Amino acid sequence: MSAKPPGGFVRDASRQILAGGSAGLVEICLMHPLDVVKTRFQIQRGTGDPNSYRSLGDSFRTIFRREGLFGFYKGILPPILAETPKRAVKFFTFEQYKKLLGYVSLSPALTFAIAGLGSGLTEAIVVNPFEVVKVGLQANRNTFAEQPSTLSYARSIIKKEGFGLRGLNKGLTATLGRHGVFNMVYFGFYYNVKNVIPVNKNLRI
């Protein structure tokens with residue numbers, strides 16, 4: 001197989017980044033309210049906590065009543081800023097790891113799974129600082145107008161705790177595990193299922 005001309009590679013990469021980033025932006029805008037609610041449930045201290053929610057419906061009603069509609073979009077800027085590089089890193093590094101594993105005698109199933117694991121671990125290093133800022137903003141129960149900006153909150157974390165595992169990279173180990181396992185299953189399952197499904201030549205997508 002001949003190497004792809006540089007111009008063709010750049011065009012393909014640009015399309016993938018734009019398509020992935022656009023899809024990620026739509027996904028974030030649609031799913032972020034649920035992510036805020038999930039974070040609130042994760043950080044509440046049980047029924048004795050005066051800020052605890054009784055149910056999923058109660059959490060939506062309480063957040064809307066106390067913090068307004070924009071309360072559901074707290075911490076949305078970090079994932080938006082992270083999504084394009086995250087998608088680019090995910091797919092680019094997957095392809096690079098897959099090429100490197102081509103020099104080792106592995107089955108396709110294992111190659112895709114290991115390449116997915118590598119891409120997930122690399123992706124986690126990129127997105128973890130954004131996750132730390134996002135969760136901190138989501139946990140803020142003040143109205144949207146009263147909460148700190150994304151940049152000022154990130155600066156306060158760096159000033160107090162630095163860039164390390166107690167500061168902007170807090171929770172990195174868990175993020176590595178989550179993204180590594182997810183991408184290992186994601187790429188391994190997707191590519192291997194696609195390979196076993198018969199191709200319908202009459203199907204046009």
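Which residues form one aromatic cluster? In this predicted model, the cluster is made up of Phe 91, Phe 94, Phe 112, Phe 182, Tyr 186, Phe 187, Tyr 190 and Tyr 191, and the views below place its members, together with other sites, in the fold.

**View 1. The chain as a whole is built from 6 helices, with 0 strands.** Read from the N terminus, the elements follow the order α-α-α-α-α-α. The pLDDT averages 84 over the chain, and 89% of the residues score at least 70. Among the elements, the lowest mean pLDDT, 79, belongs to helix α1 (residues 6–43), whereas the highest, 94, belongs to helix α5 (residues 150–161). Where pLDDT is low, the predicted coordinates should not be read in detail. Of the 205 residues, 35% count as buried, and the chain exposes about 13,200 Å², of which carbon and sulfur atoms supply 67%. When contacts between residues at least 6 apart in sequence are considered, 71% of them join residues at least 24 apart.

**View 2. Helix α6 (residues 172–196) has the length expected for its number of residues.** At 1.5 Å a residue, its 25 residues should span 36 Å, and the C-alpha atoms at its two ends are 36 Å apart, which agrees with that expectation. The buried residues in this helix are Leu 172, Thr 175, His 179, Gly 180, Asn 183, Phe 187, Gly 188 and Tyr 191. These buried residues of α6 pack against two other helices, α3 (77–101) and α4 (108–139).

**View 3. Phe 94 and Phe 112 are members of the aromatic cluster.** The chain holds 11 aromatic pairs. In one of them, Phe 94 and Phe 112 are stacked, with 6.4 Å from centre to centre and 25 degrees between the planes. The pair links distant parts of the chain, since Phe 94 belongs to helix α3 and Phe 112 to helix α4, 18 residues apart. Both Phe 94 and Phe 112 are buried.

**View 4. Phe 182 and Tyr 186 form a stacked aromatic pair within the cluster.** Their ring centres are 5.6 Å apart, and the angle between the planes is 20 degrees. Because Phe 182 and Tyr 186 are 4 residues apart in helix α6, they are separated by about one helical turn. An α-helix has 3.6 residues a turn, so residues three or four places apart point the same way. Phe 182 is partly exposed, with a relative accessible area of 47%, and Tyr 186 likewise counts as partly exposed, at 36% relative accessibility. Lys 90 lies over the face of Tyr 186, at 5.5 Å from the ring centre.

**View 5. Met 184, also in helix α6, makes contacts beyond its sequence neighbours.** With a relative accessible area of 30%, Met 184 is partly exposed. Once neighbours within four places in sequence are set aside, Met 184 is in contact with Ala 113, Gly 116 and Leu 117. The C-alpha atom of Met 184 is also separated by 9.5 Å from that of Leu 110, although these two residues are 74 residues apart along the chain.

**View 6. His 32 is a buried residue of helix α1.** Its relative accessibility is 3%, which is why His 32 counts as buried, the cut-off being under 20%. Not counting residues up to four places away in sequence, His 32 touches Glu 27, Phe 72, Tyr 73, Lys 74, Gly 75, Ile 76, Pro 79, Lys 134 and Gln 138. One of these residues, Pro 79, is 47 residues from His 32 along the chain, and the C-alpha atoms of the two are separated by 9.2 Å.

**View 7. Phe 60 is found in helix α2 (residues 56–67).** Phe 60 is partly exposed, with a relative accessible area of 26%. When residues up to four places away in sequence are not counted, Phe 60 touches Leu 34, Val 37 and Phe 72. Leu 34 and Phe 60 are 26 residues apart in sequence and, C-alpha to C-alpha, 9.1 Å apart in space. Phe 72 appears in View 6 as well, where it is among the residues that His 32 touches.

Methods. Residues numbered from 1 in each chain as written. Predicted model: local features only at pLDDT ≥ 70, side-chain atom pairs only at ≥ 80, totals over all residues. Heavy atoms only, no water. pLDDT = per-residue confidence, 0-100. Expected span 1.5 Å × (residues − 1). Buried < 20%, exposed > 50% of the residue type's maximum accessible area, 1.4 Å probe, protein only. Contact = heavy atoms within 4.5 Å. Phe/Tyr/Trp six-rings, centres within 6.5 Å; stacked < 30°, edge-to-face > 60°. Lys NZ or Arg CZ within 6 Å of the ring centre and 35° of its normal. Areas by Shrake-Rupley, 256 points an atom, 1.4 Å probe, with all protein chains shown as cover.
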